[in-house]
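Trainee: Could you take a close look at one part of this chain with me? I would like to follow a helix and its surroundings step by step.

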Amino acid sequence: MAKKRAQSKRGGRKRSRGPDYSLQTLKIVCGLCVLALLVIGAGFLAELLLDQPRVPAKAAKAAVEPKQRYRVPPVAAPAKKPVYEVFPQSSPPAQAVARPSLPERLPQIPGERPPLVAIIIDDIGYDRHIAAQLMELNVPLTFSMLPNAPFSRQILPQARAKGLEIMLHLPMEPNEYPEIDPGAGALFAHMAPDALIAQLNANLDLFSGVKGVNNHMGSRVSASSEQMRQIFSILKKRGLFYIDSRTAANTVAESSARLLQLPFAERDIFLDHKEDAAFIRNQLTLLIKRAQAQGFAVAIGHPYPATVQVLQEFLPQLKTKVSLVQASTVVEQSMLAQANAAHAAR
Ligand SMILES: [Zn+2]
């Protein structure tokens with residue numbers, strides 16, 4: 001009886017201990033579940049909080065500053081001298097590309113005003129010593145400045161004080177890109193209109209008192225009438241002229257300029273695509289002939305020691321045959337000749 005009672009007591013203890021274990025296990029399981037839910041909830045909350053500010057900030061920026069998406073990043077001036085020009089390799093040779101729209105003028109009458117010649121020196125800004133030598137020639141050269149060149153700020157006021165006309169030498173994509181880099185501030189064929197215009201405006205804002213623009217390289221972009229019209233719409237708005245350096249035989253600059261009635265002229269002679277004194281002398285002789293035939297001519301040279309040396313020697317002879325003027329004067333003359341040719345054709 002006592003054994004039975006003891007057994008029943010043990011069994012009772014056993015029965016009473018069983019539910020205790022289950023309750024504890026259940027509590028632990030429930031605790032773990034709550035913990036897991038809390039962790040998952042906290043994760044979602046964190047993700048939500050981190051995501052939320054990103055979206056409105058982006059939207060607000062786009063709404064407030066739509067144009068700043070195309071802000072042109074400041075470009076550090078490359079210390080190394082760039083490739084100055086890519087001369088057209090096409091046939092006929094660059095200097096022989098004639099302007100069919102302009103009639104040859106009659107032989108010069110004695111006592112008549114001599115033909116007008118503008119000499120533009122491209123790629124200014126990388127060599128201040130040659131720039132100083134060119135300024136010392138004391139003739140109305142036109143300096144065409146490359147954007148972001150290291151010595152532009154020094155050269156610009158000196159050139160202006162000497163009465164030189166200033167142009168922007170606008171780098172544009174050549175057919176040879178990427179083997180040949182047009183340099184800082186370049187306009188590329190793949191650019192969307194607003195990106196292209198932002199870059200052009202940034203380049204123009206670098207130099208105060210710029211009167212016109214000519215292209216540095218640019219054989220690819222010069223063949224795109226759409227991009228030339230985009231460029232010219234800005235030049236027109238700013239009251240600037242354009243001189244086609246004619247680095248490509250298939251350039252469409254002239255027809256695009258005519259469409260927008262932009263003051264326009266073309267390069268007649270490259271003076272120094274060979275850095276050789278005899279070659280440059282010969283090019284200057286061709287320049288005189290071209291000016292006598294047309295009544296005006298545009299020459300483009302580069303800041304090479306040979307160019308400075310030959311100009312120094314040749315200038316007295318040049319001055320007896322032509323009148324050296326700034327680029328804008330030749331542009332006016334070229335526009336007049338084109339208007340006369342159009343009138344005569346009617
Ligand atoms: Zn150039």
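Among contacts in the chain between residues at least 6 apart in sequence, what percentage join residues at least 24 apart? And after that, could you walk me through helix α3 and what lies around that helix?

Mentor: Happy to! Please keep in mind that this is a predicted model. To take your opening question: 77% of the contacts between residues at least 6 apart in sequence join residues at least 24 apart. The chain has nine helices and nine strands, and 36% of its 346 residues count as buried.

Now to α3 itself. The buried residues in this helix are Ser 152, Ile 155, Leu 156 and Ala 159. Looking down the axis of α3, you find them within an arc of 105°, so they line one face of the helix. The face turned away from that buried side carries exposed residues, namely Arg 153, Pro 157 and Ala 161. What do the buried residues of α3 pack against? Their partners are the strands β1 (116–124), β2 (142–145) and β3, together with helix α2. Just after α3 comes Gly 163, which takes a positive phi of about 80°.

The α2 partner deserves a closer look. The axes of α2 (residues 128–135) and α3 (residues 152–161) come within 10 Å and cross at roughly 5°. Angles under 35 degrees count as roughly parallel, so α2 is roughly parallel to α3. On the α2 side, the contact is made by Arg 128, Ala 131 and Met 135; on the α3 side, by Gln 154, Ile 155, Gln 158 and Ala 159. By type, the residues of this contact divide into four nonpolar, two polar and one charged. Ile 155 and Ala 159 therefore appear twice in our picture, as buried residues of α3 and as part of the contact with α2.

Among the strands packed against α3 is β1, and β1 holds a backbone detail you may like to check. Asp 123 is found in this strand, and its phi is near 60°, a positive value in a residue other than glycine. Is Asp 123 buried or exposed? With 25 other C-beta atoms within 10 Å, Asp 123 is buried, because 20 or more are needed for that label.

Another strand on the list is β3, and β3 leads us on to the next helix. What covers the buried residues of α4 includes β3 (165–172) and α5 (225–237). Those buried residues are Leu 196, Gln 199, Leu 200 and Asn 203. They cover an arc of only 100° around the axis, which puts them on the same side of α4. The length of this helix can be checked too: at 1.5 Å a residue, the 13 residues of α4 (residues 193–205) should span 18 Å, and the end C-alpha atoms are 18 Å apart, which agrees. So β3 is in the surroundings of both helices, packed against by the buried residues of α3 and part of what covers those of α4.

Between β3 and α4 runs a loop, and two of its residues are worth a stop. One is Glu 173, found in this loop. Glu 173 is buried, with 24 other C-beta atoms within 10 Å. Not counting residues up to four places away in sequence, Glu 173 touches Pro 182, Ala 186, Leu 187, Phe 188, Ala 189, Gly 218, Arg 220 and Val 221. Met 217 is 44 residues from Glu 173 along the chain, yet their C-alpha atoms are separated by 6.6 Å. The other stop is Pro 178, which also has its place in the loop between β3 and α4. A cis peptide bond joins Tyr 177 and Pro 178, with omega about 10°.

To recap the walk: α3 has one face lined by its buried residues, and α2 runs roughly parallel to α3. From there, β3 takes us to α4, by way of a loop that holds the buried Glu 173 and the cis bond between Tyr 177 and Pro 178.

Methods: Residues numbered from 1 in each chain as written. Predicted model: local features only at pLDDT ≥ 70, side-chain atom pairs only at ≥ 80, totals over all residues. Axes fitted to C-alpha atoms, helices over the stretch in contact; angles between N-to-C directions. Helix = DSSP H or I, 4+ residues; strand = E, 2+ residues; numbered from the N terminus. Parallel < 35°, antiparallel > 145°, perpendicular 65-115°, else oblique. Contact = placed C-beta atoms within 7 Å. Nonpolar A, V, L, I, M, F, W, Y, C, P; charged D, E, K, R; others polar. Expected span 1.5 Å × (residues − 1). Buried ≥ 20, exposed ≤ 12 C-beta atoms within 10 Å, placed from the backbone. Arc of directions from axis to C-beta.
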